[in-house]
Amino acid sequence: MSTPLLWAYTGLTALAPGLLTRMARKAHAVQAADPERFSERLGHASLPRPEGALIWLHAASVGEVQSLAALAPLLAARATLLITTTTQTGAQRAAEVLPEGTLHQFLPVDTAKSVRRFLSHWQPNLALFAEGDVWPRMSAALAARATPAALLNARASRSRSRFPRTSRALLAPFKLLTAQSKEVMAGLAQIGLAPEQLAYFGDLKAGLPAPQAAPEALAAFQSATLGRPVWAAVSTHEADEAAVLAAHQTVLAAQPDALLLWLPRHPARAAAIEAATSLPLARRSYGQMPNASTAIFLIDTLGEAGAAFAAVPTVFLGGSFGADGGHNPYEPARAGCFVLHGAHVANFAAAYQRLARDGYARQVAEGAALGATVSARLSAQTARLAPWADRGGDAASGAAARTFARLEALLRPLP
């Protein structure tokens with residue numbers, strides 16, 4: 001089944017495949033990914049295919065990798081795992097949380113040649129997509145090769161509701177679709193997917209432990225914050241930055257010695273953040289440490305969110321003042337943090353609602369309103385919460401086990 005939108009997409013990109021290639025080349029450079037690995041985005045493998053069964057996992061970036069973290073060890077016991085990501089940060093996160101021996105490549109662009117090269121080399125026995133990022137040619141090519149595919153932990157999607165026929169055509173070949181929430185599952189059913197394709201096992205991210213706090217980073221953050229009122233802004237995007245700066249100005253007006261630990265989602269944003277403020281600032285990537293007059297400790301390094309969560313009881317989680325859809329709030333909540341966020345959290349709406357009911361999260365308005373909420377918590381010297389514990393049976397271990405059990409029917413034919 002095809003639709004006018006899919007015909008238009010395949011026709012345009014067939015006539016001008018360079019459009020997708022140029023977009024991928026620009027993204028590869030912006031992400032500071034290894035230039036020698038760009039050819040992977042054209043379907044040229046940089047690793048040999050191992051013998052035996054191979055399961056291909058696709059996770060666009062960090063959040064999607066997290067969706068697969070609990071399921072991956074179960075799959076790795078059955079076959080070699082290949083993970084593709086769209087971003088360099090996703091690749092780094094995959095190396096940290098997925099089983100040893102997992103292979104990594106960048107996702108090929110959705111041109112006929114790139115898709116054919118990728119699938120011909122890797123010949124996956126099973127393809128699993130985390131949350132979304134399903135491309136038309138790849139979906140069609142997997143179906144043509146009779147490669148079983150599944151979409152796991154699907155998130156809410158505006159395009160799915162705006163273009164239901166196209167979304168149904170894109171996902172119809174998939175043998176299984178699971179969702180982060182019952183609401184998302186209902187949306188998948190509403191676009192006309194077959195009931196036997198759909199299942200809800202719980203959010204794969206819900207039971208993941210808090211990210212590990214690297215000892216050196218935790219010691220540095222605890223030293224920097226000792227005796228000072230402190231809060232953190234974590235995984236912020238460009239659309240969050242002005243609001244975070246305005247909020248910290250409000251906090252400083254009430255508590256001049258307050259310190260903000262700021263971890264942008266993409267460390268490359270650090271220069272723009274520094275240029276946007278006259279507040280005294282120290283940058284972690286430069287080896288700087290805050291002194292008594294430092295107002296912002298800009299942590300423009302990767303893999304240190306766990307240490308920030310362990311050092312700070314109140315966290316603003318970014319991606320929620322713009323169009324990014326929010327980030328996974330279970331991670332800071334499991335570390336005992338109270339999570340503040342903006343209104344735009346469509347990717348994790350059910351998670352935020354659940355944490356709000358449990359007293360671990362609160363929605364705030366931008367700028368001064370965020371600052372007032374932070375300032376009130378700092379003034380009250382609000383203690384760290386007990387680590388949030390899943391009480392509803394949706395822990396990642398449980399959701400992963402139930403998902404794996406359903407995938408068994410697709411895994412049995414593996415050699």
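Q: What is the relative accessible area of Leu5 in this model?
A: Some housekeeping: this is a predicted model, so local features need pLDDT of at least 70 and side-chain atom pairs count only at pLDDT 80 or more, while totals for chains, interfaces and linings use all residues. Residues are numbered from 1 along each chain as its sequence is written, and side-chain values use heavy atoms, with hydrogens and water left out. Leu5 lies in helix α1 (residues 4–15); helices (H or I, at least four residues) and strands (E, at least two) are DSSP runs numbered from the N terminus. Leu5 counts as partly exposed (buried is under 20% relative accessible area, exposed over 50%, partly exposed in between, with a 1.4 Å probe and protein chains only), its value being 41%.

Q: Which residues is Leu5 in contact with, leaving aside neighbours within four places in sequence?
A: Contact here means heavy atoms within 4.5 Å. With those neighbours set aside, Leu5 touches Phe163 and Thr166.

Q: Thr277: buried or exposed?
A: You'll find Thr277 in the loop between α13 (270–275) and β10 (281–283). Skipping neighbours within four places in sequence, Thr277 is in contact with Leu245 and Ile296. Its relative accessibility is 15%, so Thr277 counts as buried.

Q: How do α12 and α17 lie to each other?
A: Helix α12 (residues 238–254) and helix α17 (residues 368–379) pack at an angle of about 40°, with axes 7 Å apart. Axes are lines fitted to C-alpha atoms, for helices over the stretch in contact, and angles run from 0 to 180 degrees between N-to-C directions. Under 35 degrees is roughly parallel, over 145 roughly antiparallel, 65 to 115 roughly perpendicular, and the rest oblique. So α12 and α17 are oblique.

Q: How many nonpolar residues does the contact of α12 with α17 have?
A: On the α12 side, Ala243, Ala247, Thr250, Val251 and Ala254 meet residues of α17 including Leu370, Val374 and Leu378. By class, that contact has no charged residues and three polar ones, and the nonpolar count is nine. (Nonpolar means Ala, Val, Leu, Ile, Met, Phe, Trp, Tyr, Cys and Pro; charged means Asp, Glu, Lys and Arg; the others, Gly among them, are polar.) For the nonpolar class, then, the number is nine.

Q: How many charged residues are in the contact of α6 with α7?
A: Helix α6 (residues 112–122) and helix α7 (residues 136–144) pack at about 45°, axes 10 Å apart. Ala112, Val115, Phe118 and Leu119 in α6 meet Arg137, Met138, Ala141 and Leu142 in α7. That contact has seven nonpolar residues and no polar ones, and its charged count is one.

Q: Which residue in the loop between α6 and β4 has a positive phi of about 40° although it is not a glycine?
A: Most residues other than glycine have a negative phi. The residue in question sits in the loop between α6 and β4 (126–130), and is partly exposed, at 48% relative accessible area. It is Gln123.

Q: What is the phi of Ala146 near?
A: Ala146 lies in the loop between α7 and β5 (149–154) and is exposed, at 65% relative accessible area. Its phi is positive, in a residue other than glycine, and near 60°.

Q: Within what arc do the buried residues of α16 fall?
A: In helix α16 (residues 349–357), the buried ones are Ala351, Tyr352, Arg354 and Leu355. They line one face of the helix, because, seen down the axis of α16 and judged by directions from the axis to the C-beta atoms, they fall within an arc of 160°.
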